[in-house]
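Hi,

Here is the structure I promised to pass on. Have a look at it first, and my notes on the cysteines and the pockets follow below.

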Amino acid sequence: MKKLLVCCLMGLFIYSCSSNNGEKKTVANSVNETETTATDVAGYDPHRGEGKFDKVEIGAHLDAPMAAAGKTIVDLKCASCHKLTDEKLVGPGWKGVTERRKPQWIMNFITNPDPMIDKDPELQAQLELCMVRMPNQNLTDEEARKVLEFMRQNDGIK
């Protein structure tokens, strides 16, 4: 009798796990997500990125105290994956990043990396090289601005 009960319970378990209803919902959800992502990518601005920063005011000269504060943040949250040269560590090196990217793009990426990685073709290509997504470090806007100023210092802004 116990064997029959165990067999019935196993059969019920297998049947419930292989239900087609859940599979159909998953396929439908995947189609909707693909359509949404395609729409989002079409509206993506590669010069601005994805996030709340439309324009970031930077001075012609370096704000040394802000850059020093940025270095502290970089040492704590960024240096384990990024070198200050053009050499790749876990993530890409930072040399020249402020010359290649607009300040608003950098600020948006620092504070909002996941949506940008999902939409930016250059970031997706970089992901294929680095094989690791940049984690969101949950920096405040002020901390991100300090990191940007340190990046400018790293690129030779005086």
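On disulfides, the count for this predicted model comes to zero. A disulfide is a covalent bond between the sulfur atoms of two cysteines, and the cut-off used here is a sulfur pair within 2.5 Å.

So what keeps Cys78 from bonding? Its closest cysteine sulfur is the one in Cys81, and at 8.6 Å that is too far for a bond. Cys130 fails for a similar reason: the closest cysteine sulfur is in Cys81, 9.6 Å away, which is too far for a bond.

And are these two buried or exposed? Cys78 is buried, with a relative accessible area of 9%. Cys130 counts as buried too, at 9% relative accessibility.

Now for the pockets. The largest pocket holds about 740 Å³ of space. It is lined by 33 residues, and those closest to its centre are His82, Pro92, Phe109, Leu123 and Met134. If you want to find the pocket by helix, the elements giving two or more residues to its lining are α4 (97-100), α5 (103-111), α7 (121-130) and α8 (141-154).

Which of these elements gives the largest share of the lining? That is α7, with five residues.

As for the chemistry of that lining, 20 of its residues are nonpolar, six are polar and seven are charged.

That's what I have for now. Happy to talk it through whenever suits you.

Cheers

How values were computed
Residues are numbered from 1 along each chain as its sequence is written. This is a predicted model: local features need pLDDT of at least 70, side-chain atom pairs count only at pLDDT 80 or more; totals for chains, interfaces and linings use all residues. Side-chain values use heavy atoms; hydrogens and water are left out. Buried means under 20% relative accessible area, exposed over 50%, partly exposed in between (1.4 Å probe, protein chains only). On a 1 Å grid over the protein atoms alone, a cavity is a set of points where a 1.4 Å probe fits but cannot get out, and a pocket is an open set with protein on both sides within 12 Å along at least five of seven lines; lining residues have an atom within 4 Å of a point. Grid points are joined across faces, edges and corners, and a volume is the space filled by probe spheres set on the points. Helices (H or I, at least four residues) and strands (E, at least two) are DSSP runs, numbered from the N terminus. Ala, Val, Leu, Ile, Met, Phe, Trp, Tyr, Cys and Pro count as nonpolar, Asp, Glu, Lys and Arg as charged, and the others, Gly among them, as polar.
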